[in-house]
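Please open the model in your viewer and keep the selection tool at hand. The stops below are meant to be taken in order, each one starting from a selection.

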Amino acid sequence: MIDVINQVNAAHREIGDQPVSTGAGRSVLLRRTYDAAIEDVWSACTEPDRIGRWLGPVSGDLRLGGTFQLEGNAGGEILRCEEPHLLKVTWTMGEGMATEVEVRLSKGEDGDTVFELEHASPAEFVDEMLRAYGPGGTIGIGTGWDLALLGLDLHLRGAGLDPATWENAPDVKEFAVCSGQAWGQAIQTAWGTSDDDIAAAVAFATQHYAPHDEAGH
């Protein structure tokens with residue numbers, strides 16, 4: 001069992017304007033602190049065996065300029081790798097548009113590690129999606145990363161989890177619901193989205209991570 005409220009509150013969530021290689025960008029940013037040394041967190045984020053224990057099996061040429069593929073997930077190119085502080089990759093789902101993910105690590109005051117992840121997409125694409133469909137997709141991206149970083153926290157604490165199934169646990173689904181609500185607040189702060197539109201977007205994203213059954217539960 002996880003402490004849902006503490007885990008949700010452990011992260012700072014923000015909507016930003018991080019540029020991408022092609023120009024202006026829009027981003028989701030997560031920041032949280034892990035009770036682990038920076039070298040341990042770096043290892044968990046860069047070594048294939050450890051990545052497979054919290055995020056999913058990964059293959060490829062895992063070096064600067066190489067490529068990677070997460071099983072059933074995204075793939076891309078490794079753009080920057082500055083141990084133990086900075087990792088930047090392109091992030092593409094299938095034949096979709098290339099986006100960029102940057103992970104930044106710094107030492108905390110108590111020997112812990114401050115972890116930042118920023119996922120940026122071309123601004124023109126994001127703005128068009130918002131006009132057409134609202135911010136539900138952005139909430140979904142934020143919640144997906146929240147779940148990944150929860151998995152990283154559990155891994156760093158020594159918990160054994162199966163990346164293919166652990167998100168189906170009731171407490172993890174509750175965490176996903178709370179994450180979606182928190183991202184809705186972050187988006188409303190950044191973009192001034194109306195209460196009704198945010199509520200609809202949160203519901204849309206929540207249905208993906210914690211769908212109701214036919215009885216409405």
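Select Glu118 to begin: in this predicted model the residue has a relative accessibility of 8%, and because buried means under 20%, Glu118 counts as buried. Glu118 belongs to strand β8, and if you display its surroundings, leaving out residues up to four places away in sequence, you will find that it touches Gln18, Ser27, Val28, Leu29, Glu100, Val101, Glu102 and Arg104. Draw a distance between the side chains of Glu118 and Arg104, and a polar contact of 2.9 Å appears.

Keep Arg104 on display and add Glu116, whose side chain meets that of Arg104 in a salt bridge at 2.9 Å, N to O. Glu116 lies in strand β8 and Arg104 in strand β7, residues 99-107, so this pair ties together parts that are 12 residues apart in sequence. Glu116 is buried as well, with a relative accessibility of 16%. Now add Glu102, which also forms a salt bridge with Arg104, where the closest N and O atoms are 2.7 Å apart; Glu102 is buried, at a relative accessible area of 10%.

For the next stop, move to Arg157 and Asp153, whose side chains form a salt bridge of 2.8 Å, N to O. Are these two partners buried or exposed? Arg157 counts as exposed, at 59% relative accessibility, whereas Asp153 counts as buried, at 2%. Elsewhere, salt bridges with shared partners join Arg31, Lys88, Glu100, Glu102, Arg104, Glu116 and Glu118 into one network, and a search of the whole structure finds 16 salt bridges.

Return to strand β8, which runs over residues 113-122, and select Thr113 within it. Thr113 is buried, with a relative accessible area of 0%, and, apart from residues up to four places away in sequence, those it touches include Arg32, Thr33, Tyr34, Val41, Leu105 and Gly108. Which backbone atoms lie by its side chain? The side chain of Thr113 reaches the backbone nitrogen of Ile38 at 3.0 Å, and a polar atom of that side chain lies 3.5 Å from the backbone oxygen of Ala37. To relate this stop to another part of the chain, set a distance from the C-alpha atom of Thr113 to that of Glu47, 66 residues apart along the chain, and you will read 18 Å.

At this point it may help to colour residues 35-125, where UniProt, in an unreviewed entry, places the feature "domain: Activator of Hsp90 ATPase homologue 1/2-like C-terminal". This span is 21% helix and 44% strand, and its end C-alpha atoms lie 37 Å apart.

Turn next to the aromatic rings, of which the whole structure holds 3 pairs by search. Select Phe68 and Trp91: their ring centres are 6.1 Å apart and their planes stand at 40°, so the pair is tilted. Phe68 is in strand β4 and Trp91 in strand β6, so the pair ties together parts that are 23 residues apart in sequence. Phe68 is buried, at a relative accessible area of 11%, and Trp91 is buried, at 12%. Add Trp145, which forms another tilted pair with Trp91, 5.0 Å centre to centre and with 50° between the planes. Here the link is between distant parts of the chain, Trp91 in strand β6 and Trp145 in helix α5, 54 residues apart. Trp145 is buried too, at 10%, and Phe68, Trp91 and Trp145 form one aromatic cluster.

From Phe68 and Trp91, step to Ala74, which is in contact with both of them as well as with Gln69, Thr92 and Met93, leaving aside neighbours within four places in sequence. Ala74 sits in the loop between β4 (67-70) and β5 (75-82), and it is buried, with a relative accessible area of 0%.

Continue to Pro84, in the loop between β5 and β6 (86-91), and inspect the peptide bond from Glu83 to Pro84, which is cis, with omega near -5°. Most peptide bonds are trans.

Finish on helix α5, residues 136-156, whose 21 residues should span 30 Å at 1.5 Å a residue, in agreement with the 30 Å between its end C-alpha atoms. Of these 21 residues, 18 are buried, so α5 is largely enclosed by the rest of the structure. After α5 comes Gly158, whose phi is positive, near 90°.

Technical notes
Residues are numbered from 1 along each chain as its sequence is written. This is a predicted model: local features need pLDDT of at least 70, side-chain atom pairs count only at pLDDT 80 or more; totals for chains, interfaces and linings use all residues. Side-chain values use heavy atoms; hydrogens and water are left out. Helices (H or I, at least four residues) and strands (E, at least two) are DSSP runs, numbered from the N terminus. The expected span of a helix is 1.5 Å times one less than its number of residues. Buried means under 20% relative accessible area, exposed over 50%, partly exposed in between (1.4 Å probe, protein chains only). Contact means heavy atoms within 4.5 Å. A polar contact is a pair of N or O atoms within 3.5 Å; within protein, one must be able to donate a hydrogen and the other to accept it, and residues adjacent in sequence count only if both atoms are side-chain atoms. UniProt positions are given in the numbering used here, feature names are shortened, and annotations may be inferred rather than shown by experiment. A salt bridge is a side-chain nitrogen of Lys or Arg within 4 Å of a carboxyl oxygen of Asp or Glu. Rings of Phe, Tyr and Trp (its six-membered ring) pair if their centres lie within 6.5 Å; planes under 30 degrees apart count as stacked, over 60 as edge-to-face and the rest as tilted.
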